Amino acid sequence: MTAYKVYDAARRLTTVVGPTNVLVDTNRTVAREYEVSVWGYETAEAAWGAVVASVTNYGREHTNAMYGNAGWVKGTREAYGEWGGYLWWLENEVAFETSATNIRVSPYGVTNYIARVLVGTIGDYEPMTNVVDRGPRDVEGLTNYAGAGVAEDALTPADYRAFYVVLRVESIEASCPKADNSPQTFEGHKTDFGNPCAATSPGQALIIFYNAVLDGSFQVEDFDVTLKANVLPTSITADQLSESWAKVEGPASGSLNRTDTFEVKYQNPKVGGLYKFEFDLGLSGCAKSGANVDLPLAGADMTSWLDTETKAVGTWATAHKTATEDANDSPIPGVTLVKVYLTWCSISGSFFDYEFDPVDAQQHAPCRRFQPTIGPNGQYGYVTVNGVVVHGSKINNMMWALFGRYWGWSETSLRLGAHLNQLGRDLRLDGATSQNAIGFGDDIHDNPSANITAILTPANLRTLQDPNALIEEKLWPSPDAADTGNSTFTRPTLPTTP
């Protein structure tokens, strides 16, 4: 073997298995032995010339035999003023087949395609190849004149142990210029890379955020994800295999441009979620290779729940105000009014916190990896409403304003109250997104029979996004509705006294 072949094989040790034996055809295998001696020449050069001229005329064949001491001994010698020459040469002619099939099944039942067969010191060949090797055949080295009175010997044993270079997928590479972490390299012959949306220790995926693929009209632009199978050895081409790609999990959006080559493109997905792909070499029993592409989802769409809840808030708010007035009733003039007001301030500052955690029936949304902790006391995640992602705190602000309107507060007083509350917290005015939410709460109050989507249009909902502080614009809206069995929608528990 050449030095390059040795280096190349060593570099790819994970794809070399063996050793094994080639299939020797003993009926066609023979060892040939040559021996020539000449004397009586005036010069050493003449004696050696006679040896070379006679070498093919002398020999013995050993059928069905192969010897390990193949090689030669040669030289010239002077005796009594005359020169003689000598050559002994043993060669093997071996007929063999490199492999019985082009498939190797490991002791563990793993099937691999044999790409090349490295046969010891002989050479490298295609699988299932019939070879006749004759050696040593260094005729030039064998017949070269070594010099007067010089003897040389060479031993060149042949090694017929074979190593199979098996085909394997070294890795799958997923890339996209729109992705946040492109490229991603996935280990070959593996399809489980963990859950890319797990809150802790998330699995591997190529991540593409929503805002990276939106145009000025908030439409998802066309984009491609390139999937490439890195197959070893690199000399193998797709034409030699029956490889195929498939999307095995994910939304019904986008498509592969083709499935029958090492590199393909998944084109124009428009819906968020986790897309899982698999690459199959087309060999029976050979493990597939996978890759994940995640378009991370916000919480499931809670529009339906929100429509029902906003229509029920009036009854709840009216009953709660009545209970508050009863709990603070006093015969002293003005005391009841003050205590009711203080109760409202307490509710607004510390108690009015819904808990939203919308999850779809398939539990695909939300992608927990990009959700903050969700719980009571104003700990919110990102939710989908009418196809737009907003932070749950903005929906809570809207519900507080709606509740307040039914308590009897005007929109102006609610806006002012939000400013005063924020000033008391961190010496700044209430933000624009919160003030917009208060306005929507007032609109819902004034249109009690309207469907929530008539007020919370996509354009209106985008005014609740605060990309400077939150990441709503990065997460994909969930295409699926929240499922009551998986979701959490909890009203705040409100006191009736200060």
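**Close-up views of ring contacts and nonpolar cores**

**View 1. Charged side chains over aromatic rings.** In this predicted model, the side chain of K474 lies over the face of F209, at 5.1 Å from the centre of the ring. A second arrangement of this kind involves an arginine: R462 lies over the face of F218, at 3.9 Å from the ring centre.

**View 2. The surroundings of F370.** F370 belongs to the loop between β22 and β23, the latter strand covering residues 382–385. Its relative accessibility is 18%, so F370 counts as buried, the limit for that class being under 20%. When neighbours within four places in sequence are left aside, F370 is in contact with I207, F209, P296, Y382, I471 and L475. F209, one of these contacts, is also the ring over whose face K474 lies. L475, another of the contacts, is 105 residues away from F370 along the chain, yet the C-alpha atoms of the two residues are separated by 8.1 Å.

**View 3. W305 and its two ring partners, F356 and F489****.** With ring centres within 6.5 Å as the criterion, the model holds 25 aromatic pairs. In one of them, W305 and F356 have ring centres 5.7 Å apart and planes at 70 degrees, and because an angle over 60 degrees counts as edge-to-face, the pair is placed in that class. W305 comes from helix α4 (residues 303–327) and F356 from strand β22 (residues 355–357), so that this pair ties together parts 51 residues apart in sequence. F356 itself is buried, with a relative accessible area of 1%. The rings of W305 and F489, by contrast, have their centres 4.5 Å apart and their planes at 15 degrees, which is under 30 degrees, and the pair is therefore stacked. As F489 lies in strand β25 (residues 488–490) and W305 in helix α4, the stacked pair ties together parts that are 184 residues apart in sequence. F489 has a relative accessibility of 21% and counts as partly exposed, whereas F356 is buried.

**View 4. The largest nonpolar core and a separate one****.** The largest nonpolar core has 41 residues, and the members that touch the most others are I208, F223, V225 and L227. At least two residues of this core are supplied by each of the strands β8 (111–119), β13 (168–175), β16 (224–232), β19 (263–267), β20 (273–280) and β21 (289–295). Strand β16 gives the most, with four residues. Around F223, not counting residues up to four places away in sequence, the residues touched are C176, K178, I208, V213, Y266, Q267, N268, P269, L295 and W476. Apart from the largest core lies another, of 36 residues, whose members include V385, M398, L461 and L464.

**View 5. The whole chain, as context for the close-ups.** The protein has ten helices and 25 strands, and its C-alpha trace spans about 150 × 40 × 40 Å along the principal axes. Its radius of gyration is 41 Å, whereas a compact globule of 498 residues would have one near 23 Å. Of these 498 residues, 46% count as buried. Among the contacts with a separation of 6 or more, 73% join residues 24 or more positions apart. The area that the protein exposes is about 24,000 Å², of which carbon and sulfur atoms supply 50%.

Key: Residues numbered from 1 in each chain as written. Predicted model: local features only at pLDDT ≥ 70, side-chain atom pairs only at ≥ 80, totals over all residues. Heavy atoms only, no water. Phe/Tyr/Trp six-rings, centres within 6.5 Å; stacked < 30°, edge-to-face > 60°. Buried < 20%, exposed > 50% of the residue type's maximum accessible area, 1.4 Å probe, protein only. Lys NZ or Arg CZ within 6 Å of the ring centre and 35° of its normal. Contact = heavy atoms within 4.5 Å. Rg over C-alpha atoms; globule rule 2.2 N^0.38 Å. Areas by Shrake-Rupley, 256 points an atom, 1.4 Å probe, with all protein chains shown as cover. Core = buried A, V, L, I, M, F, W, Y, C linked by side-chain atoms within 4.5 Å.
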